[in-house]
Every structure is written in C-alpha cells, then in structure tokens.
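Student: I would like a close look at one part of this model, the second largest pocket and what lies around it. Please describe its lining, then relate it to the packing elsewhere in the chain.

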Amino acid sequence: MKIKENSPFQDNLDIIQPLLENLSITNESWIKFVNSSGAYICTPINKQQCNFCRLIRNHPVGYQRCRETAQKCVHLDPKKHHLFRCHAGLYVLAVPLQGEQGSVGALATGEIKINTGAQDVGQVLQKVADLNLSEERLLAYYKELPVIKRKKVLLLGETLYAASNCFLRLGATEAKVQQVEAEKALLNSELRALSYQINPHFLFNTLNTIQMLSIIEGAKKTPDIINALSSLLRARLNVNDPLISVKDEITVIENLLIIHKTRYEDRFEFVLDIPCEILDAQIPAFSLQPLVENALIHGLEPYEGVGCL
C-alpha cells in the first residue's frame, strides 16, 4: 500500500494491505482510504486508478471535483455503505470511518461503471465537457472501464463495511496501546492490552467474506493469502504470555512472508534453516517479526535484483 501521510492505521499496515490489495484486484475496483479533506491517504500498488479518472484528475478543475467527491464520502452516514454518482457520472462505493474522536476518513472505490442501463456515454462526456479534454481519449478510456453488476458492487459494499469496523478497532487499539506504553514500559501489559482491545469476531468474519468472494470469482492466489493472514492474526491476537516458542514464532514469520511475497512478487526468496534443538526454546513474542520486516524494507526494497532472506 502507498501511504502518503501518517494515519491511525499505519502501524497495522501488514493487516490492512492484503485486504485492500486483494479486494481491489478481485473486484476490478480501485479501493482507497481518503481523509476528511478528500486527500488519498492509502492507495493500491498492484492496481492503478483507471485511465478515465487519471485523465480528469490531471486537469486542475477535474482534480478539485474529484477531491470534492472523495470528501463527500467522509460525511455520509457511517452506519452503512453508500453508492452514488461522482461528478463525472460514474459510481462511487463508499464507507465513512467514524472513530471515537470523530471522522477518520472513508474507505471508497475508484469510479466504476455499473450495468444499470441508465448510464450513457454521451451524458458522461457532457459532464466533463467544460474541462476541454480530448473527447477521443475520454471515450477510449471510458470503454476500457469494466462493467460491474450492481449485485456484486453491493456485496463489495457489505464487505467494505465489515472491514471498516475492523480498521476502526485496530486504530482505537493502537491508540490505547500507546497510552499504556507511556504509563508502563512493561511488555506484558502491552500485549494484554492489545489482545483485550481487538475483537477477533469482526476480523475473521471479514476474512471469511473475502475468502468466499475470492473463491466465487476464481481467484487462485487470494485464498492462500487470506489463510496466511488469518493464521497471522490468530497467533498475534491470542498472545497471553510474553514468551513464545521458536517453532510458533517461525510459523508466524512464514505466514508473514507469504503475505509479503504477494506484494513483492518474485523479487525475493526466503529460506528457513532452524536447528531442531532450539525449536522448543522460549523467546519474546514479536521478537523476530521486526527483524524480518526491516530486512524486507531496508534490504530488499532498495535492491534491484532478486533477494534472498
């Protein structure tokens, strides 16, 4: 995921990233976070915004109208998902995020084309005619947009609403963990506070919904990523002891690397070479994950070839 500013969810990127990335790919949509001013906070890496919208956003007036459409997503009723037309005549699916301290932003799709029968290319082009953009390019880019069934869009809306509840709880939990860290520097208190504040029911219901959707859509890799994410979440949410066996921690690392392999594709391979005699040894929970993530971020990302971890 591409993060443009500090957000309440930045520390939970490893959980949010595969959810939004896979939803964007399997639903032929471009799903993003926007803040209260309509700026894009987080956008997919492996799926680009449609050419139609990118052309409009390259115009200063078009960019401002897109920003206003995104801002509108934030101020809708946060208790449900919403489907409405944008300034260019396409559809936007949005779920506002309302935290304890007020509006956090919104989870929204890029503009999509629905088979309602009411959309007419002439009407769409007329809405952006005052921008004096190339009508030939606009028409070509409009035809590139996949037509998505309304039923599928509404199902995605239910999934995004469930995911938004998960993200809000993650953000609230992170804030409370930071408060605990300021008051007490004890690792055991940190882990207990994190485990108590996150409700696994919302997370796993969302993952089950996504997995069912990916199977229906015939996605080949998505179920494996979701299984890895589910195992990672269960391991992290069930931490009741500051110590964990090397074997269990390595299982967590394997699932983490499976998720990262989706992001980096073929840019790295990993090899696990752990002596059998230390598998039952106890180490601090979460102690290996930062090492692996630092190796990926600081070692792999700047490297132009195929890395090995």
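Tutor: What follows starts at the pocket and then moves outward through the chain.

The model is predicted. The second largest pocket holds about 480 Å³ of space. Its lining is made of 18 residues, and Asn22, Lys221, Thr222, Ile225 and Thr262 are the closest to the pocket centre. Three helices each supply at least two lining residues: H1 (13-26), H9 (222-237) and H10 (246-264). H1 provides the largest share, with four residues. Sorted by class, the lining has eight charged, six polar and four nonpolar residues.

The enclosed spaces come next. The model has two cavities of 30 Å³ or more, and the second largest of them has a volume of about 60 Å³. Gln17, Pro18, Glu21, Asn22, Asn46, Ile259, Thr262 and Arg263 line this cavity. H1 and H10 are the elements that give two or more residues to the cavity lining, and H1 gives the most, with four. By class, the cavity lining divides into four polar, two nonpolar and two charged residues. Asn22 and Thr262 therefore appear in two places: they are among the residues closest to the centre of the second largest pocket, and they also line the second largest cavity.

Just beyond H1, the backbone has a feature of its own. Glu28 is found in the loop between H1 and strand S2 (31-34). Its phi is near 50°, a positive value in a residue other than glycine. Glu28 counts as partly exposed because its relative accessibility is 39%. A second residue of this kind is Asn132, with phi near 55°. Asn132 is found in the loop between helix H4 (121-127) and H5, and it counts as exposed because its relative accessibility is 70%.

The packing of nonpolar side chains can be set beside these linings. In soluble globular proteins, nonpolar side chains tend to be buried together. Here the largest nonpolar core has 39 residues, and Leu20, Ile31, Phe33, Leu107, Leu160, Phe167 and Leu296 have the most contacts inside it. A second, separate core has 28 residues, including Ala88, Val124, Leu131 and Tyr142.

Tyr142 is also part of an aromatic pair. The model has two such pairs. In one of them, Phe52 and Tyr142 are arranged edge-to-face, with 6.0 Å centre to centre and 65° between the planes. This pair links distant parts of the chain, with Phe52 in helix H2 (residues 51-57) and Tyr142 in helix H5 (residues 135-144), 90 residues apart. Both Phe52 and Tyr142 are buried.

The cysteines complete the picture. The count of disulfides is zero. For Cys53, the nearest cysteine sulfur is that of Cys50, 3.2 Å away, and Cys53 is in no disulfide. Cys53 counts as buried because its relative accessibility is 4%. For Cys73, the closest cysteine sulfur is in Cys86, at 9.8 Å, so the two are too far apart for a bond. Cys73 also counts as buried, because its relative accessibility is 1%.

To return to the request, the second largest pocket takes its largest share of lining residues from H1, and H1 likewise gives the most to the lining of the second largest cavity.

How values were computed
Residues are numbered from 1 along each chain as its sequence is written. This is a predicted model: local features need pLDDT of at least 70, side-chain atom pairs count only at pLDDT 80 or more; totals for chains, interfaces and linings use all residues. Side-chain values use heavy atoms; hydrogens and water are left out. A nonpolar core is a set of buried Ala, Val, Leu, Ile, Met, Phe, Trp, Tyr and Cys residues joined through side-chain atoms within 4.5 Å. Buried means under 20% relative accessible area, exposed over 50%, partly exposed in between (1.4 Å probe, protein chains only). A disulfide is a pair of cysteine sulfur atoms within 2.5 Å. On a 1 Å grid over the protein atoms alone, a cavity is a set of points where a 1.4 Å probe fits but cannot get out, and a pocket is an open set with protein on both sides within 12 Å along at least five of seven lines; lining residues have an atom within 4 Å of a point. Grid points are joined across faces, edges and corners, and a volume is the space filled by probe spheres set on the points. Ala, Val, Leu, Ile, Met, Phe, Trp, Tyr, Cys and Pro count as nonpolar, Asp, Glu, Lys and Arg as charged, and the others, Gly among them, as polar. Rings of Phe, Tyr and Trp (its six-membered ring) pair if their centres lie within 6.5 Å; planes under 30 degrees apart count as stacked, over 60 as edge-to-face and the rest as tilted.
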